[in-house]
Amino acid sequence: MEQKSTDRRIRKTKNALKDGLIELMLEKSINDITVRELTEKVDLNRGTFYLHYKDIFDLLEKIEEELFEEFNKIMDAHSPDKLDGRPLPLLEDIFMFLKDNASMTTVLLGRNGDIAFVNKIKDIIRKNCFTSWSAFFNSENMNNFDYFYTYILSGCLGLFEAWLNNGLKESPHEIALLTESFILHGFQTLK
């Protein structure tokens with residue numbers, strides 16, 4: 001019983017630090033945030049912070065690792081060979097993940113964000129999808145396929161940012177349908 005309450009307190013502390021970091025990163029770069037500033041914001045002492053993290057960058061790294069772990073699970077659950085040319089199930093789960101983690105992903109993709117985070121997401125998607133999708137589309141010219149893939153991936157990130165900036169008005173299913181339609185039909189979607 002004691003272990004559960006300890007775990008709950010630790011989770012509560014870590015969530016408070018995470019939420020405080022998100023609030024501060026909306027205002028300034030991670031390089032300008034101090035442990036003192038963060039702990040004062042969330043009403044914890046610095047000793048408590050150092051029980052869990054080495055510094056602010058360690059906290060951010062741990063948050064990103066949790067996000068990457070969850071994102072990898074989504075990618076693993078939707079192998080491209082099972083998608084049958086329809087990325088909708090994968091896109092739906094990705095947009096649900098992004099919505100569930102909107103505050104952190106907003107910060108990481110924003111002006112005070114972490115470009116390494118974006119690049120790692122791109123690498124995860126490339127690793128999981130590129131080879132299978134290129135085989136599915138049977139592209140003779142891999143260079144052209146690489147450009148197409150980069151174009152689609154950048155477009156998907158742009159759609160996510162626009163969705164966030166518009167207040168996540170559409171459901172993950174609706175935005176996934178739109179994204180799939182753009183990927184598969186391009187301009188025809190707008191008619």
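At 1% relative accessibility, T179 counts as buried; this residue of the predicted model lies in helix α10, which covers residues 172-185. The protein has 10 helices and 0 strands, and 40% of its 191 residues count as buried. The points below begin with T179, move to the overall fold and its core, and then take up individual sites.

**T179 and helix α10**

- T179 falls under the 20% limit for burial, because its relative accessibility is 1%.
- A polar atom of the T179 side chain lies 2.7 Å from the backbone oxygen of I175.
- Residues three or four places apart in an α-helix point the same way, because there are 3.6 residues a turn.
- Beyond its neighbours within four places in sequence, T179 is in contact with L91, F95, C156 and L159.
- Helix α10 is also among the elements that give two or more residues to the largest nonpolar core.

**Overall fold**

- Read along the sequence, the elements follow the pattern α-α-α-α-α-α-α-α-α-α.
- Among contacts between residues at least 6 apart in sequence, 61% join residues at least 24 apart.

**The largest nonpolar core**

- The largest nonpolar core has 51 residues, and those with the most contacts inside it are L21, L38, F49, I56, L59, F71 and F95.
- Two or more residues of this core come from each of α1 (2-27), α2 (35-41), α4 (56-77), α6 (88-100), α7 (102-109), α8 (115-136), α9 (142-165) and α10.
- Domain 1 (1-53) and domain 2 (62-190) both give residues to this core, so the core lies between them.
- F95, one of the core residues with the most contacts, is in contact with T179 and is also touched by W163.

**Helix α7**

- Helix α7 is largely enclosed by the rest of the structure, because 6 of its 8 residues are buried.
- The buried residues of this helix are A102, M104, T105, V107, L108 and L109.

**The annotated segment 34-53 and its aromatic residues**

- The UniProt record, an unreviewed entry, places the feature "DNA-binding region" at residues 34-53.
- This span is 70% helix and 0% strand, and its end C-alpha atoms lie 13 Å apart.
- F49 is buried, with a relative accessible area of 0%.
- Outside its neighbours within four places in sequence, F49 is in contact with L17, V35, L38, T39, K54, D55, I56 and L59; among these, L38, I56 and L59 are listed, as is F49, with the core residues that have the most contacts.
- Y50 is found in helix α3, residues 46-52, and is partly exposed at a relative accessible area of 43%.
- The C-alpha atoms of Y50 and V35 are 9.0 Å apart in space, while the two residues are 15 apart in sequence.
- The model holds 6 aromatic pairs, one of which joins F49 and Y50 in an edge-to-face arrangement, with 5.3 Å centre to centre and 90 degrees between the planes.
- Ring pairs link F49, Y50 and Y53 into a cluster.

**W163 in helix α9**

- W163 lies in helix α9 and is buried, with a relative accessible area of 1%.
- The side chain of W163 reaches the backbone oxygen of E170 at 3.0 Å.
- Not counting residues up to four places away in sequence, W163 touches F95, K99, L168, K169, E170, S171, P172 and I175.
- One of these residues, K99, is 64 residues from W163 along the chain, and their C-alpha atoms are separated by 9.5 Å.
- I175, which W163 touches, is the residue whose backbone oxygen lies 2.7 Å from a polar atom of the T179 side chain.

**H78 in the loop between α4 and α5**

- H78 is placed in the loop between α4 and α5, the latter being residues 80-83.
- H78 is buried, because its relative accessible area of 13% is under the 20% limit.
- The side chains of H78 and D93 are joined by a polar contact of 2.5 Å.

Note on methods: Residues are numbered from 1 along each chain as its sequence is written. This is a predicted model: local features need pLDDT of at least 70, side-chain atom pairs count only at pLDDT 80 or more; totals for chains, interfaces and linings use all residues. Side-chain values use heavy atoms; hydrogens and water are left out. Helices (H or I, at least four residues) and strands (E, at least two) are DSSP runs, numbered from the N terminus. Buried means under 20% relative accessible area, exposed over 50%, partly exposed in between (1.4 Å probe, protein chains only). A polar contact is a pair of N or O atoms within 3.5 Å; within protein, one must be able to donate a hydrogen and the other to accept it, and residues adjacent in sequence count only if both atoms are side-chain atoms. Contact means heavy atoms within 4.5 Å. UniProt positions are given in the numbering used here, feature names are shortened, and annotations may be inferred rather than shown by experiment. A nonpolar core is a set of buried Ala, Val, Leu, Ile, Met, Phe, Trp, Tyr and Cys residues joined through side-chain atoms within 4.5 Å. Domain bounds come from an automatic or database domain assignment. Rings of Phe, Tyr and Trp (its six-membered ring) pair if their centres lie within 6.5 Å; planes under 30 degrees apart count as stacked, over 60 as edge-to-face and the rest as tilted.
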